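Work through the exercises below with the structure open beside you. Try each task before reading its solution.

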Amino acid sequence: MHRFYFDETRRENDCVRLDEEESKHALQVLRLKKDAEIVLLDGLGGVYEARIVEIARQRVTAEITAVISDNEASTRVTLYQGLPKAAKLENILQKCTEIGVHALQPVLFSRCVQDAKSAEKWLLRLRRIAREAAKQCGRGQVPMVGHPMAFAEMARRLGGHELTLVPWEEAEGPYIRDVLKDHPAREIALVIGPEGGIAPEEIRQLVAMGAKTVTLGPRILRTETAGMAALAAILTLTGDL
């Protein structure tokens with residue numbers, strides 16, 4: 001069934017009014033008619049079966065008929081991604097949304113090739129990409145995409161997670177599975193460096209705060225690959241993939 005997002009402010013009991021964009025997609029692109037069965041996503045984790053009950057002035061109203069089980073990962077992984085070039089960040093966000101990332105936070109490491117001012121311009125586009133990727137894969141929750149933050153701000157926030165994992169190309173071990181075996185957690189921060197990698201002084205600061213450096217194996221992965229690989233490994237080991 002086709003999937004559509006809605007805003008809770010447009011819901012009254014079991015009836016939901018789709019916004020202009022979603023209504024246009026339903027009527028003009030998909031050519032849906034009254035009584036068509038669809039899936040509604042509220043962006044906060046709710047997934048519902050529904051039926052179109054009214055089409056008026058090119059706006060769609062649907063009635064919720066059943067609640068679908070929550071399909072979010074039980075382990076919440078926030079990806080702190082060293083700010084790469086725009087196209088790479090878009091790809092990282094899209095694929096990690098499909099895999100099951102809880103949130104993506106761009107971070108300005110010392111070796112980043114982009115700056116915060118240019119990254120701010122991408123923010124609305126990135127949030128749209130997250131929404132579309134979540135919609136495509138049937139997620140009820142859209143991953144949060146934060147404003148780019150400085151390394152120091154990220155370091156302060158890491159204390160709010162149960163565990164911080166830092167895949168690092170110079171780490172000789174352990175593997176992610178080894179850390180999760182000794183430190184099971186359901187709120188995990190995953191820190192990935194930018195194209196130039198994480199500087200030694202940044203690694204020292206992270207380790208001093210309790211972060212665990214890990215290896216992703218003998219092959220060095222690009223920044224746009226490392227986060228996806230590590231996220232998939234975490235969710236596989238915690239039973240979510």
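## Starting point

The protein chain has eight helices and 13 strands. This is a predicted model. Its C-alpha atoms fill a box of roughly 60 × 40 × 30 Å along the principal axes. Of the 241 residues in the chain, 48% are buried.

## Exercise 1: The open sheet

Task: Give the order of the strands in the six-stranded open sheet, and say which strands are at its edges.

Solution.

Step 1. Read off the order: E1-E4-E5-E6-E3-E2. The pairing in this sheet is mixed.

Step 2. Find the edges. E1 and E2 are the edge strands, since each pairs on one side only.

Step 3. Recall the two options. Strands of a sheet pair through backbone hydrogen bonds, either parallel or antiparallel.

Step 4. Start with E1 and strand E4 (residues 37–41). They run parallel and are joined by three bridges. Arg-3 has Val-39 in E4 as its bridge partner. Phe-4 stands opposite Leu-40 in E4.

Step 5. Go on to E4 and E5. These run antiparallel, with five bridges between them. Ile-38 has Ala-50 in E5 as its bridge partner.

Step 6. Finish with E5 and strand E6 (residues 59–68). Nine bridges join them, and they run antiparallel. Val-47 stands opposite Ile-68 in E6.

## Exercise 2: Hairpins and burial

Task: Find the residue with a positive phi in the hairpin of E4 and E5, then do likewise for the hairpin of E5 and E6. Is Ile-52 buried or exposed?

Solution.

Step 1. Take the hairpin of E4 and E5. Five residues lie between the strands. Here Gly-43 takes a positive phi near 80°.

Step 2. Take the hairpin of E5 and E6. Two residues lie between these strands. Arg-57 takes a positive phi near 55°.

Step 3. Check how well E4 is covered. Four of its five residues are buried, so E4 counts as mostly covered.

Step 4. Turn to Ile-52, found in strand E5. Its relative accessible area is 0%. The cut-off for buried is under 20%, so Ile-52 is buried.

Step 5. Set Ile-52 against Ile-198. The two are 146 residues apart in sequence. In space they are 51 Å apart, C-alpha to C-alpha.

## Exercise 3: Aromatic rings and charges

Task: How many aromatic pairs are there? Classify the pair of Phe-6 and Tyr-48 by the angle of its planes.

Solution.

Step 1. Decide what to look at. A pair of aromatic rings is described by the distance of the centres and the angle of the planes.

Step 2. Apply the cut-off: ring centres must lie within 6.5 Å. The count comes to two aromatic pairs.

Step 3. Classify Phe-6 and Tyr-48. Their ring centres are 6.2 Å apart and their planes stand at 55°, so the pair is tilted.

Step 4. Place both residues. Phe-6 is in the loop between strand E1 (3–5) and strand E2 (11–12), while Tyr-48 is in strand E5 (residues 47–56). The pair therefore ties together parts 42 residues apart in sequence.

Step 5. Check burial. Phe-6 and Tyr-48 are both buried.

Step 6. Look for charges over rings. The charged end of Arg-11 sits over the ring of Tyr-48, 5.2 Å from its centre. The charged end of Arg-177 sits over the ring of Tyr-175, 4.8 Å from its centre.

## Exercise 4: Two pockets

Task: Describe the lining of the largest pocket and of the second largest pocket.

Solution.

Step 1. Begin with volume. The largest pocket holds about 390 Å³ of space. Of its 23 lining residues, Glu-169, Ile-220, Leu-221, Arg-222 and Ala-226 are the closest to its centre.

Step 2. Find the main contributor. Helix H8 (residues 223–237) gives the most to this lining, with three residues.

Step 3. Sort the lining by class. It divides into 12 nonpolar, five polar and six charged residues.

Step 4. Repeat for the second largest pocket. About 150 Å³ of space lies there. Its lining includes Phe-6, Gly-43, Arg-131 and Val-142.

Step 5. Sort again. The second largest pocket is lined by four nonpolar, one polar and six charged residues.

Step 6. Link back to the earlier exercises. Phe-6 lines the second largest pocket and is also part of the tilted pair with Tyr-48. Gly-43 lines that pocket too, and takes the positive phi in the hairpin of E4 and E5.

Conventions
Residues numbered from 1 in each chain as written. Predicted model: local features only at pLDDT ≥ 70, side-chain atom pairs only at ≥ 80, totals over all residues. Heavy atoms only, no water. Phe/Tyr/Trp six-rings, centres within 6.5 Å; stacked < 30°, edge-to-face > 60°. Buried < 20%, exposed > 50% of the residue type's maximum accessible area, 1.4 Å probe, protein only. Lys NZ or Arg CZ within 6 Å of the ring centre and 35° of its normal. 1 Å grid on protein atoms, 1.4 Å probe; cavity = no way out; pocket = protein on both sides within 12 Å on 5 of 7 lines; lining within 4 Å. Points joined across faces, edges and corners; volume = space filled by probe spheres on them. Nonpolar A, V, L, I, M, F, W, Y, C, P; charged D, E, K, R; others polar. Pairing = 2+ DSSP bridges.
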